[in-house]
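Subject: Handing over a structure, with notes

Hello,

I am passing on a structure that I would like you to look at with the sequence open beside it. Please read the notes underneath slowly, and go back to the picture whenever a residue is named.

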Amino acid sequence: MNVLIKNGHIIDLSQGVDGTGDILIADGKIKSLRMRDKGAKAPPQKEVNKEIKDPEIRTVDAHGLMVIPGLVDMHVHLREPGYGYKETIQTGTLAAVKGGFTTVCCMPNTNPVNDHASVTEFIIRKAKQEGHCTVYPIGAITKGQKGRELAEIGTMKNEGCIAFSDDGNPVMNSTVMRRALEYSKAFNVPVISHSEDVTLSEGGVMNEGLISVMLGLKGIPPEAEQIMIYRDILLSELTGGRLHIAHVSTEGSVHVIRNAKQKGIKVTAETCPHYFSITEEAVQGYNTNAKVNPPLRTSRDRDAIKEGLRDGTIDVIATDHAPHHVDEKLQPFDMAPFGISGLETALSLSLQLLSEGVLTRNQLIEKMIVNPARILGLDKGTLKPGSEAELVVIDENKDFEIKAERFVSKGRNTPFDGWILKGMPVLTVCKGKLYEW
């Protein structure tokens with residue numbers, strides 16, 4: 001399909017573009033980018049009817065809408081292979097494009113675990129056959145994610161893994177983590193740390209504090225996260241390895257990461273929309289859809305996360321999309337699994353940071369496109385002519401209600417059901433297809 005998206009407010013940081021213009025897409029690639037605002041840096045292009053002679057060209061009027069490169073999510077759980085009843089590569093990537101994401105990176109806690117090149121190959125092949133967006137696999141740090149013996153990192157990198165993590169489980173053995181960081185330096189790939197001291201968090205199901213006491217639930221102290229972040233930063237400094245901290249949730253964690261960056265240590269970090277949007281209060285009534293690991297914290301932690309995003313301590317907004325079958329979340333709170341289905345709500349929740357003055361548009365684009373692509377070494381986040389047509393059109397002024405029953409993901413487990421937000425993706429272009437919502 002050939003598409004002309006006209007009159008949109010186009011922002012492309014890779015070209016210094018920020019203004020009104022048109023984008024012509026032909027054969028799945030950006031054919032031309034024409035900026036009409038005076039002083040725009042994009043070069044002038046020929047008239048559309050001279051560039052492509054196609055009577056069936058589709059025209060989309062994006063007047064009043066923001067047009068940006070497709071979002072990049074460096075932390076999702078697509079559940080396949082092994083847990084297709086929770087999510088599949090097909091349904092998960094459809095949820096991604098609905099949320100404005102054209103690239104996702106899937107964690108290895110599948111069955112079997114992605115700790116071997118054969119599993120990596122399966123994921124890549126399945127994504128090419130059934131995926132609605134680009135999928136990059138993240139390999140396990142250790143065999144079986146058991147934290148004892150390093151997986152075949154070099155072989156998996158050659159097969160297509162772009163980072164390594166035992167996400168869902170921490171690497172408790174410091175020597176093993178040291179070796180992983182040494183490999184990360186040798187292969188120039190990030191190690192993504194699930195920062196949790198399980199000797200402190202064991203049996204915990206929510207944030208440790210007054211609410212956990214009132215509900216009679218075992219709490220997880222913030223120190224369980226902070227201790228492991230500090231350990232991994234020390235190991236990164238020792239080895240010179242590339243460390244990325246996943247799903248930062250506490251004020252103390254922000255301080256530790258900020259101090260490390262000021263010392264010049266190679267560390268980057270991400271947080272998720274639920275950590276800057278809600279707090280442990282959402283667990284009231286034993287709401288299992290608000291059960292996530294690390295847990296939702298206090299309003300003070302939430303404010304610190306926002307400040308970490310504002311000052312650049314936190315580089316990335318990722319979803320940690322963790323879909324579950326509805327029956328699993330209907331279990332008693334102690335037994336229900338951790339996780340929030342986040343791909344279809346992440347952009348809208350993140351847009352609220354603009355109205356709150358936490359981030360500018362360009363900073364949000366950096367957190368959700370530029371920085372994750374840079375950290376992972378991906379050639380993504382551009383609308384340059386000749387590049388793959390991967391973009392999202394956003395209506396920043398559209399009010400809508402989040403309805404879990406309308407999710408295209410198999411996972412309907414969200415604490416945001418019923419929320420009314422302003423701003424949402426209305427059109428995504430990816431892999432030669434146009435998706436409208």
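The notes that follow go through charged pairs, one helix, the aromatic rings and some features of the backbone. Please keep in mind throughout that this is a predicted model.

I begin with the charged side chains. Side chains of opposite charge can pair when their charged atoms come close. In this model the count comes to 23 salt bridges, and I describe some of them here. Arg179 pairs with Glu182, with 3.2 Å between the closest N and O atoms, and both residues belong to helix α5, which covers residues 174–187, where they sit 3 residues apart, or about one turn of the helix. Arg179 is partly exposed at a relative accessible area of 36%, and Glu182 is likewise partly exposed, at 31%.

A similar arrangement can be found in helix α11, where Arg310 and Glu307 form a salt bridge whose closest N and O atoms are 3.0 Å apart. How far apart are Arg310 and Glu307 along helix α11? They are 3 residues apart, so about one helical turn separates them. Arg310 is partly exposed, with 38% relative accessibility, and Glu307 is partly exposed too, with a relative accessible area of 33%. Elsewhere, salt bridges with shared partners join Asp22, Arg34 and Arg36 into one network.

Helix α11 also takes part in a salt bridge of another kind, between the side chains of Glu356 and Lys306, at 2.9 Å from N to O. This pair links distant parts of the chain, since Lys306 lies in helix α11 (residues 299–310) while Glu356 lies in the loop between α13 (346–355) and α14 (361–376), 50 residues apart. Are the two partners buried or exposed, or something in between? Glu356 counts as partly exposed, at 45% relative accessibility, whereas Lys306 is buried because its relative accessible area is 14%, under the 20% cut-off.

Next, please find helix α8, which runs over residues 223–239. Helix α8 has 17 residues and reaches 24 Å from its first C-alpha to its last, which is close to the 24 Å expected at 1.5 Å a residue. Its buried residues include Ala224, Met228, Ile229, Ile233 and Leu235, but charged ones such as Glu225, Arg231 and Asp232 are buried as well. Just after α8 comes Gly240, which takes a positive phi of about 75°.

The aromatic rings are the next topic. A pair of aromatic rings is described by the distance of the centres and the angle of the planes. The count here comes to 4 aromatic pairs. One of them joins Phe416 and Trp419, whose ring centres are 4.9 Å apart and whose planes meet at 85°, so this pair is edge-to-face. Phe416 is buried, at 2% relative accessibility, whereas Trp419 is partly exposed, at 31%. Another pair, Tyr435 and Trp437, is stacked, with 6.2 Å from centre to centre and 10° between the planes. Here Tyr435 is buried at 11% relative accessibility, and Trp437 is partly exposed at 33%. A ring can also have a charge over it, and Lys291 lies over the face of Phe338, at 4.8 Å from the ring centre.

Finally, some places in the backbone deserve a careful look. Most residues other than glycine have a negative phi, and most peptide bonds are trans. Which form does the peptide bond from Glu80 to Pro81 take? The bond is cis, with omega near 10°, and Pro81 lies in the loop between β6 (71–76) and α2 (89–98). The bond from Asn293 to Pro294 is also cis, with omega near 0°, and Pro294 is placed in the loop between α10 (273–277) and α11.

As for positive phi values outside glycine, His247 has a phi near 30° and lies in the loop between β13 (243–245) and α9 (251–262), where His247 counts as buried, at 2% relative accessibility. Lys431, which is not a glycine either, has a positive phi of about 50° and is found in the loop between β17 (420–430) and β18 (433–436). Lys431 is partly exposed, with a relative accessible area of 40%.

With best wishes

Conventions:
Residues numbered from 1 in each chain as written. Predicted model: local features only at pLDDT ≥ 70, side-chain atom pairs only at ≥ 80, totals over all residues. Heavy atoms only, no water. Salt bridge = Lys/Arg side-chain N within 4 Å of Asp/Glu carboxyl O. Helix = DSSP H or I, 4+ residues; strand = E, 2+ residues; numbered from the N terminus. Buried < 20%, exposed > 50% of the residue type's maximum accessible area, 1.4 Å probe, protein only. Expected span 1.5 Å × (residues − 1). Phe/Tyr/Trp six-rings, centres within 6.5 Å; stacked < 30°, edge-to-face > 60°. Lys NZ or Arg CZ within 6 Å of the ring centre and 35° of its normal.
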